[in-house]
Amino acid sequence: MAKNKLTVGFVALTGCYGCLLTAIFNEEALLELANVVNIASFPFIKEKNYEGKFDVLFVEGTAVSQQDKQHLIEFRKKSNVLVALGACSSDGGVPALKRFVPKKTFDRLVYPKNPDIADLHEPMRIDEVVQVDHYLPGCPPDKEQVLTFIKNAALGREMKKHLYDNPVCVECRSNGNRCLLEEGRMCFGPVTRGGCHAVCPSNGLECWGCRGPTSDANLNKMIDLLKEKGFTDNDIKQRLLTFTGIRFNEIRQMNVEWVPSQ
Ligand code: SF4
Ligand code: SF4
Ligand code: SF4
């Protein structure tokens, strides 16, 4: 490894590799990064990946098995700074839905022919297993934010655990969008951490909360407001639990009958 450059790696637990694909930088960014960091491990790009110590290690995915947990503990041991990359890693993501659905529903509808898979342990966000230094949330995370993080780390700048903690509404309003919530749609922008340039409402889609709750999210008020607008308790909870349910559920315990019995 060349001296004076940060040794950076990307690794994955159980996920869809969407976060890693997002973080594949364009040629211009790669040239810029090449001056300040060694990207020493990156599945997709490198056939042989470095296995020593990392200055910064980005981890995609949820820990859904004993093997994932063991890998994660190893990742922590060999990284100076460990970064949760994406919703699965930061907040449990879609795999953590399993925590909110009765086991019999999974056994019956999802894994009827694969009981071994059904026996995997409870999906966990990575900070339920190891200490996490920084979070780059989102499904997938924002590419620019990943790049900014690496540049700041290379320059030795201090960074908070989350680079951005304002709600999505702040960027949405500054983009000049009309408000979908005011139009009666179920948009979770007021309680969701921004930093994604409000990409969904800027394209006419509701925010589903994929970057998790802000640190001071008033979830009770949000749910009451949506109920006043005619949404059912179950519809609201199902959507809130879809991407970052573990976090939202910590604020307000939500019992959901996820899949209708048939
Ligand atoms: S956060 Fe989204 S894009 Fe990233 S691994 Fe999970 S499901 Fe895939
Ligand atoms: S559309 Fe959603 S994100 Fe935008 S201002 Fe309204 S509630 Fe907030
Ligand atoms: S607007 Fe909401 S759902 Fe869309 S990317 Fe941003 S946080 Fe995720």
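1. A pocket, as the word is used here, is an open set of grid points, found over the protein atoms alone, with protein on both sides within 12 Å along at least five of seven lines. With that in hand, welcome to this predicted model: the space taken by ligand 3 is its largest pocket.

2. Who surrounds ligand 3? The residues around this ligand are Val-168, Thr-192, Cys-196, Val-199, Cys-200, Pro-201, Cys-207, Trp-208, Gly-209, Cys-210 and Arg-211. Sorted by class, the shell holds 8 nonpolar, 2 polar and 1 charged residues.

3. Please look at ligand 2 as well. Around ligand 2 you will find Val-168, Cys-169, Cys-172, Arg-173, Cys-179, Leu-180, Leu-181, Cys-187, Gly-189, Pro-190 and Pro-201. This shell divides into 9 nonpolar, 1 polar and 1 charged residues. Val-168 and Pro-201 are listed around ligand 2 and also around ligand 3.

4. Now for a single residue, Thr-62. You can find Thr-62 in the loop that runs between β3 (54–60) and α3 (66–77). Is Thr-62 buried or exposed? Its relative accessible area is 0%, so Thr-62 counts as buried, the cut-off being under 20%.

5. What does the side chain of Thr-62 reach? One partner is the backbone oxygen of Gly-92, at 3.0 Å. Another is the backbone oxygen of Cys-88, which lies 3.3 Å from a polar atom of the Thr-62 side chain.

6. A last look at the surroundings of Thr-62: leaving aside neighbours within four places in sequence, Thr-62 is in contact with Leu-13, Thr-14, Asp-68, Cys-88, Gly-92, Pro-95, Pro-123, Met-124 and Arg-125. Cys-88 and Gly-92, whose backbone oxygens were mentioned above, are among them.

Technical notes: Residues numbered from 1 in each chain as written. Chains lettered and ligands numbered in written order. Predicted model: local features only at pLDDT ≥ 70, side-chain atom pairs only at ≥ 80, totals over all residues. Heavy atoms only, no water. Near = heavy atom within 4 Å. Nonpolar A, V, L, I, M, F, W, Y, C, P; charged D, E, K, R; others polar. 1 Å grid on protein atoms, 1.4 Å probe; cavity = no way out; pocket = protein on both sides within 12 Å on 5 of 7 lines; lining within 4 Å. Sits in = over half its atoms within 2 Å of the grid points. Helix = DSSP H or I, 4+ residues; strand = E, 2+ residues; numbered from the N terminus. Buried < 20%, exposed > 50% of the residue type's maximum accessible area, 1.4 Å probe, protein only. Polar contact = N/O pair within 3.5 Å; in protein donor to acceptor, adjacent residues only side chain to side chain. Contact = heavy atoms within 4.5 Å.
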